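This report introduces one protein structure to a reader who has not seen it before. Please look over the sequence and the model first, then read the sections in order.

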Amino acid sequence: MNAELFKPSEIFSAYVDCRRRKRGTSNALSFEKHQVDNLVLLTHDLSAGRYYPRRYVCFMIDNPKPREIFAADFYDRVVHHLIIRNIEPYWEKIFIYDSFACRKEKGTLAAVERLEHFMRSITENGMQRAHFLQLDIKNFFMTIDKNILFAILDRGLRKHKNLSLNRLSFIPEKSEYSEIRNLLKILVFHDPTEDFVKKVSGCSVERLDTEKSLFNTKKGCGIPIGNLTSQFFANVYLNELDHFIKHILKARYYLRYVDDFIILHENPEQLKKWHKEINKFLKDKLNLTLKNIVIIKPLSCGINFLGYVQHVHYRLVRRRVIGNFERKLNEYSVKDLAKPLNYDELNQLKAVVTSYLAHCSKANSFKIILKTLKKHQWLKKYFHIKKWKAEIRKEIKDKYWNEKNIMLYAGG
């Protein structure tokens, strides 16, 4: 057995990656409490070929829309990071430039800015007419065919048996190639609905369409939303579509964010033709179906994409985003009226306000965000808001600090 992939330093590096931005969660804290023992156990399980995913946690979220989440145990998340660290370098070389999500420097803002660049380029900075085709895949994560996904991953591994962390040397057939392949097989074909615990959440399960649940997928289909591997596998799966559109259809102005993709062209008839060919390719090659809603419009209408409405020369925030922001503020306002927010609630509110302000700061939205904040004057009691940032007022910080110290002394 080759020791490179499963050596303690590699697993520890994957653990450090995994706990980033997750260190305060109960799952991460529980793992960290016995960090050495857990990492040693994981190393032994992987090296001996005994690794198998632990129990998942299933819960619902409702923002931006109802979704069923299957969250892997932190123990398994370390494995997810380990495997992605090893196979990502190869796939990054063959991903097209204009596929976004779960890639470095390929977030929502990068995608929207790339779309703006396309719109200006094809219209010669607004001087020419052009149209766009916007498509979305129906129940994408729930309809991914595991056999097709694994075949794509395996084909990639076979082409690059020399894959290994930070090096490009040849690896024998039955070493890291076999280890990575076996792990991928376990992760792809594991069914989290066979062993899970349900977590109560504020979102009602009745609001979720049955076809959007892993419990109702076809046999051999569906991967859980919420894992690093799921996001990465989505890019691998739709990389087939990316290359078909770019190299077979030869669409110049094409970009994709997960399963939402856009093509620009001067002629709407060409877009209609491409739509039929894309639909056929998805059904025949990837066992996927497009949503019935097909959008082909002039660019002058603006493109509703990733929380913005993008025009050639300006960008607006979607009304739904502002509506969600208002709803969140109303929830905290009700809490504040009943009782002043505690320290944890205040930090949660700060995270909400900061994230929405950051989103709105990338658009021509100063007036609408100012109007929203004026409706919620109570925020001034807690925050100093300036230049798209929200900072907790010093006197509020001091108040909570003093209260915390008093409680500590009282407990002592």
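A residue counts as buried when its relative accessible area is under 20%. The model described here is a predicted one.

## Overall make-up

The protein chain has 412 residues, of which 45% are buried. Its secondary structure consists of 14 helices and 13 strands. Among the contacts in the protein chain with a separation of 6 or more, 73% are between residues 24 or more positions apart.

## Two loop residues with positive phi

Most residues other than glycine have a negative phi. A101 is not a glycine, yet its phi is positive, at about 90°. A101 sits in the loop that runs between β3 (99-100) and α5 (108-122). Its relative accessible area is 7%, so A101 is buried.

V258 is also a residue other than glycine with a positive phi, here near 55°. The loop that holds V258 lies between β6 (253-257) and β7 (260-265).

## A sheet of three strands

Strands of a sheet pair through backbone hydrogen bonds, either parallel or antiparallel. One open sheet in this model has 3 strands in the order β2-β1-β5, and its pairing is mixed. The edges are taken by β2 (67-71) and β5 (196-198); each has a single partner strand, so one side of each is left without a neighbour in the sheet. From one strand to the next, the twist averages 30°.

Strand β1 (residues 56-61) runs antiparallel to β2, and 5 bridges join the two. Within this pairing, M60 stands opposite E68 in β2.

## Strand β4 and its partners

How many residues of strand β4 (residues 131-136) are buried? The count is 6 of its 6 residues, and the strand is mostly covered. H131, L133 and L135 point one way from β4, while F132, Q134 and D136 point the other way; all are buried.

Strand β4 is joined to β7 by 6 bridges, and the two run antiparallel. It is also joined to strand β8 (residues 295-298), antiparallel again, by 4 bridges. Q134 has a bridge partner in each of these strands: I262 in β7 and I295 in β8.

## Contacts of F305

F305 belongs to strand β9 (residues 303-305). Its relative accessibility is 2%, so F305 counts as buried.

Which residues does F305 touch, not counting residues up to four places away in sequence? They are A111, V112, L115, Q134, L255, Y257, D260 and I262. One of these, D260, is 45 residues from F305 along the chain, and the C-alpha atoms of the two are separated by 8.5 Å.

## Helix α4 and its packing

Two packed helices are described by the angle between their axes and the distance between the axes. Helix α4 (residues 74-94) packs with helix α8 (residues 176-189) at an angle of about 130°, and the axes are 11 Å apart. Helices α4 and α8 are therefore oblique to each other. Their crossing is left-handed. On the α4 side, V79, H80, I83, N86 and I87 take part, and they meet E176, I180, L183, L184 and L187 in α8. Sorted by class, the residues of this contact are 7 nonpolar, 2 polar and 1 charged.

Helix α4 also packs with helix α7 (residues 146-159), at an angle of about 85° and with the axes 11 Å apart. This angle makes α4 roughly perpendicular to α7. The contact involves I87, Y90 and W91 of α4, together with I152, L153, G156, L157 and K159 of α7. These residues divide into 6 nonpolar, 1 polar and 1 charged. I87 thus appears in the contact with α8 and in the contact with α7.

## The hairpin of β12 and β13

Strand β12 (residues 383-386) pairs with β13 in the antiparallel sense, over 4 bridges. In this pairing H384 stands opposite E391 in β13. The hairpin has 2 residues between the strands, and K387 takes a positive phi near 55° there.

Along strand β13 (residues 389-392) the side chains alternate. A390 and I392 point to one face and are buried, whereas K389 and E391 point to the other face and are not buried.

How values were computed:
Residues are numbered from 1 along each chain as its sequence is written. This is a predicted model: local features need pLDDT of at least 70, side-chain atom pairs count only at pLDDT 80 or more; totals for chains, interfaces and linings use all residues. Side-chain values use heavy atoms; hydrogens and water are left out. Two strands pair if DSSP finds at least two bridges between them. Axes are lines fitted to C-alpha atoms, for helices over the stretch in contact, and angles run from 0 to 180 degrees between N-to-C directions. Angles under 35 degrees count as roughly parallel, over 145 as roughly antiparallel, 65 to 115 as roughly perpendicular and the rest as oblique. A crossing is left-handed if the near helix is turned anticlockwise from the far one by less than a right angle, and right-handed if clockwise. Contact means heavy atoms within 4.5 Å. Ala, Val, Leu, Ile, Met, Phe, Trp, Tyr, Cys and Pro count as nonpolar, Asp, Glu, Lys and Arg as charged, and the others, Gly among them, as polar. Buried means under 20% relative accessible area, exposed over 50%, partly exposed in between (1.4 Å probe, protein chains only).
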